[in-house]
Amino acid sequence: MESSLYDFIILGASGFTGKHVVRQALQFLNPSPSSPLKSFALAGRNPTKLSETLKWAANLHSPPPIPLLIADITDPQSIHRLCTQTKLILNCVGPFRRYGEPVVAACVETGCDYLDICGEPEFMEKMEDNYHERAVENGCLVISACGFDSVPAELGFMFNSKQWVGESAPNRIEAYLSLESKNKIVGNFGTFESAVLGVANADQLVQLRRSRARRPRPKIPGPCPPKGQFVEHNQETGLWAVRLPSADSPVVRRTLSSLAETPHGLPGVNERVEEIEQRTTFWSSVKPAHFGVKIGSKSLIGILHIIAVGMIMGKLAKSSFGRWLLLTFPSVFSLGCFEKKGPSEDEVDSASFKMWFVGHGYRNKNGEGSGEVDMKIVTRVMGPESGYVATPIILVQCALIVLNKREILPKGGVLTPGIVFGPTDLQKRLEENEIYFDVISKNAKL
């Protein structure tokens, strides 16, 4: 791919999230030879919308001469042409269960690397089943969930895990997500549509997992954690919380399975000795644990609102008429949480996220036999609005690593962001772009 015209192409650039990815990418565009990003292009079905997106992203400045390429998911040849012109595709076209596979197939066939912002477990696991071996053969990296789903969860889990030094070891790490805003919190319609289709096809995900060969599981000290209460009031975070059926937990589990298969991580294409040492040192400090994610609210009324939305979606998404109602009137049936027009600029600017990671474990892993945990470590990841600010930041930083450190990354395969980017400087890059990691407390229970 050395002769590629563009460093990357943003596919679906005129969409809700895509246009924010364009704005983020423009901040790093520099044609100088030493620049990490010398060129990129925008791709989509409508050249007028692409042009409007570029003007919007330039934010009152004269837009740079970014090529606008016409491509349609329903036209495989147009997607294939994109892949032959670039080193990397950034796919922002969802729902991915409907539109993602043709792009993955074209990238795997041509050897072009692929990143997306998917948060749909069935799509990710299906792509792993169907394309992993061919992707390895052709030297194509296919990495989904390179946005708010699921990089904060992956890196946040690892950050907490690495605090358990010496003989201490975690048994479980529970994440608590809080979405905050001075104004109303509004999600975009694409996220809502993906969630509705995920609920509607939940049985297919169960069947897919039953049909797959069982992967190795990491050895975790202590017993499996109890199921716990349906609604929890967590003292460490001050949040009322309920389990969140997101992509984060399955993605982290896939990373831990990869680590169980290859304890020192996946070797890079052309690593130097010091890079091999860095990778092995990093993974030796990551200790596996049971993992789950809950969404939280500072008030009980807030968490009951979230539960009500989940119940409405669970009931209606199982029938075609119910799905029509949900997708035609998202604001009504999500109780105002999602709107077709998405959030306003003010709503985006005033929003933020906090994700706490509460680890329970043992001061000495040899003392796990009693089953009583005697140590707790709380860490946090926090940053700007999740869908339109944090996601573009994360995706672009992942892309810059693929472009500039390709020799230390695996040759290819359908992989999780954690197993690929964990040993890199992704956390440092995110902290330089307003996504922060910190340790809240380390306590030993007496």
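Thr 237 counts as buried, because its relative accessibility is 13% and buried means under 20%. This is a predicted model. Thr 237 sits in the loop between strand S9 (231-234) and strand S10 (239-243). Leaving aside residues up to four places away in sequence, Thr 237 touches Tyr 176 and Trp 356.

**Loop residues and their exposure**

Several other loop residues can be set beside Thr 237. The table gives the relative accessibility of each.

| Residue | Loop | Relative accessibility | Class |
|---|---|---|---|
| Thr 237 | S9 to S10 | 13% | buried |
| Ala 145 | S6 to H7 | 0% | buried |
| Cys 146 | S6 to H7 | 0% | buried |
| Leu 335 | H14 to S12 | 39% | partly exposed |
| Glu 385 | S14 to H16 | 8% | buried |

Glu 385 follows strand S14 (375-384) and precedes helix H16 (386-404). The residue is charged by type, yet counts as buried at 8% relative accessibility. Which residues does Glu 385 touch, not counting those up to four places away in sequence? They are Val 348, Ala 351, Ser 352 and Ala 390. Ser 352 is 33 residues away along the chain, but the C-alpha atoms of Glu 385 and Ser 352 are separated by 4.2 Å.

**The loop between S6 and H7**

Strand S6 covers residues 141-143. Helix H7 covers residues 151-161. The loop between them holds Ala 145, Cys 146 and Ser 150.

Ala 145 is not a glycine, but its phi is positive, about 60°. Ala 145 is also buried, at 0% relative accessibility.

Cys 146 is buried too, with a relative accessible area of 0%. Its contacts, not counting residues up to four places away in sequence, include Leu 115, Asp 116 and Ile 117. Val 151 is another contact of Cys 146. Further along the chain, Cys 146 touches Thr 391, Ile 394, Leu 395, Cys 398, Pro 417 and Phe 421. Gly 418 is 272 residues from Cys 146 in sequence, and their C-alpha atoms are 9.5 Å apart.

Ser 150 brings a cis peptide bond to this loop. The bond runs from Asp 149 to Ser 150, with omega near 0°.

**Other backbone features**

A cis peptide bond also joins Gly 94 and Pro 95, with omega about 0°. Pro 95 lies in the loop between strand S4 (86-91) and H4. Leu 335 has a positive phi of about 55° and is not a glycine. Its loop runs between helix H14 (330-333) and strand S12 (338-339). At 39% relative accessibility, Leu 335 counts as partly exposed.

**Helix H6**

Helix H6 has 18 residues, 121-138. At 1.5 Å a residue the helix should span 26 Å, and the 24 Å between its end C-alpha atoms agrees. Where is the kink in H6 centred? On Tyr 131, with a bend of about 60°. Tyr 131 is also one of the buried residues of H6. Others include Pro 121, Phe 123, Met 124, Met 127 and Ala 135. Glu 122, Glu 125 and Glu 128 are on the buried list as well.

What covers these buried residues includes helix H4 (96-99), helix H5 (101-110) and strand S5 (113-116). Helix H9 (202-211), helix H10 (248-261) and strand S15 (413-415) are also among the covering elements. After H6 comes Gly 139, whose phi is positive, near 65°.

**Helix H10 and the cavity**

H10 has 14 residues and reaches 20 Å from first to last C-alpha, close to the 20 Å expected. H10 is largely enclosed by the rest of the structure, because 11 of its 14 residues are buried. Among them are Asp 248, Arg 254, Ser 257 and Ser 258. Val 252, Thr 255, Leu 256 and Leu 259 are buried too.

How many cavities of 30 Å³ or more does a search of the whole structure find? The search finds 1. The largest cavity has a volume of about 50 Å³. Its lining is made of Glu 154, Phe 157, Met 158, Val 252, Thr 255, Leu 256, Leu 259, Trp 283 and Val 286. H7 and H10 are the elements that give two or more residues to this lining. The largest share, 4 residues, comes from H10. By type, the lining residues divide into 7 nonpolar, 1 polar and 1 charged.

Technical notes: Residues numbered from 1 in each chain as written. Predicted model: local features only at pLDDT ≥ 70, side-chain atom pairs only at ≥ 80, totals over all residues. Heavy atoms only, no water. Expected span 1.5 Å × (residues − 1). Bend = angle between axes of the 7 residues up to and from the residue. Buried < 20%, exposed > 50% of the residue type's maximum accessible area, 1.4 Å probe, protein only. Contact = heavy atoms within 4.5 Å. 1 Å grid on protein atoms, 1.4 Å probe; cavity = no way out; pocket = protein on both sides within 12 Å on 5 of 7 lines; lining within 4 Å. Points joined across faces, edges and corners; volume = space filled by probe spheres on them.
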